[in-house]
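Dear colleague,

I am handing over the structure we spoke about, and I would be glad if you could look through it alongside the notes below.

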Amino acid sequence: MAAPREMPERRPFGRRFLTDPARLFQHNAWDNVEWSEEQEASARSKVQENSSQLLPQDKQEEYEVNAKRYWDDFYKIHENGFFKDRHWLFTEFPELAPNRNPSQNGDSAHKFSNKEECNNGGLGSCENGHCSLETRAENQLNVIKSTPKICTEELVAQYSELNQSDGDYPGSSASYRILEVGCGAGNTVFPILQTNNDPGLFVYCCDFSTTAVDLVQNNAEYDSSRCFAFVHDLCNDQSPFPMPDESLDIVILIFVLSAILPEKMQCIVNRLSRLLKPGGMILLRDYGRYDLAQLRFKKGQCLSDNFYVRGDGTRVYFFTQDELNDLFTTAGLEKIQNLVDRRLQVNRGKQMTMYRVWIQCKYRKPTAPQL
């Protein structure tokens, strides 16, 4: 059994305050930065300006129809070199760590780590130890291995129809199941697999992009006895999942909900909430309103309020806390955490400052009432 990798210790959010402007370039990031009224007004003005000219409706429809192609092209160009592995996950979301404490699910006091997002247009600085599957599940995995490597929606549908009714599906014998939606090249999945040696763990991951799923499955760290990667269209409510409802402990949404057409978000959150066991949680981190990425858009890139198209054809929305709270509570989930991370990032080499705004949420499916 491979030993789990040790992660460097991270300082909790809130421990690095900029109290002396003369020290601005001593660190590469400052925590919990308060915005002045003038800065807030300036940001609001920039958004009003860059959203004053909307793309024509026919162009907007083109970006929706061709969304998969744009994301496939993105991953063909960047492959797995665009994002850093998110080892900060275990500080932000201890529910993913190997020695998780069930009581943590109800703890709203987790703090942001002193990390930097490496993403997104270059704006940020940026085994066997699992339980053996039962015979029928092993047979199913053999079927999976004998089929084309990419698990398309059609292939997932076949597994779902044939086996879910029998309680036999990938990961069916696991005791702790995690799904990451919008997995990209695996920069969240692989830190979990490398770090969490829980023998009962099984990780599902899916993406809209066939190219992204191919990158995950061809990664040397991909282990089909602990992980199942598949293609999935979140916006299609007929697109199947390989696992049944109420089978997941955790659903991860990291910078993925913002890429969805806003009017489709509620349906997606509703679907994902049905996959959770009672007591299961959705963990989200995404763009907040007035993040630097939003302020940098030019006229002609706005699709609708706070929703934009990038130069590569991919799209992004910038949330408020209230919007996310409405999405999750409407889906029947209860709030555990909904926090804004206002971060001042510093490029000491170029003497530049960058104000980032992210939102981090945890919402839980209520447990059945005690009789």
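What follows covers the salt bridges, the aromatic pairs and one polar contact.

Please keep in mind that this is a predicted model, in which local features need pLDDT of at least 70 and side-chain atom pairs count only at pLDDT 80 or more, while totals for chains, interfaces and linings use all residues. Residues are numbered from 1 along each chain as its sequence is written, and side-chain values use heavy atoms, with hydrogens and water left out.

Across the whole structure there are twelve salt bridges (a side-chain nitrogen of Lys or Arg within 4 Å of a carboxyl oxygen of Asp or Glu). One of them joins Glu-95 and Lys-362 at 3.1 Å, N to O, and both of these residues are buried (under 20% relative accessible area, whereas exposed is over 50% and partly exposed lies in between, with a 1.4 Å probe and protein chains only). Lys-264 pairs with Glu-64, their closest N and O atoms being 2.7 Å apart.

The aromatic pairs come to ten (ring centres of Phe, Tyr or the six-membered ring of Trp within 6.5 Å, with planes under 30 degrees apart stacked, over 60 edge-to-face and the rest tilted). Among them, Tyr-308 and Phe-318 are edge-to-face, at 5.9 Å centre to centre and 75° between the planes; both residues are buried, and ring pairs link them with Phe-255, Tyr-287 and Phe-297 into a cluster.

Finally, Asp-341, which counts as buried at 0% relative accessibility, makes a side-chain polar contact of 3.1 Å with Arg-343 (a pair of N or O atoms within 3.5 Å; within protein, one must be able to donate a hydrogen and the other to accept it, and residues adjacent in sequence count only if both atoms are side-chain atoms).

With best wishes
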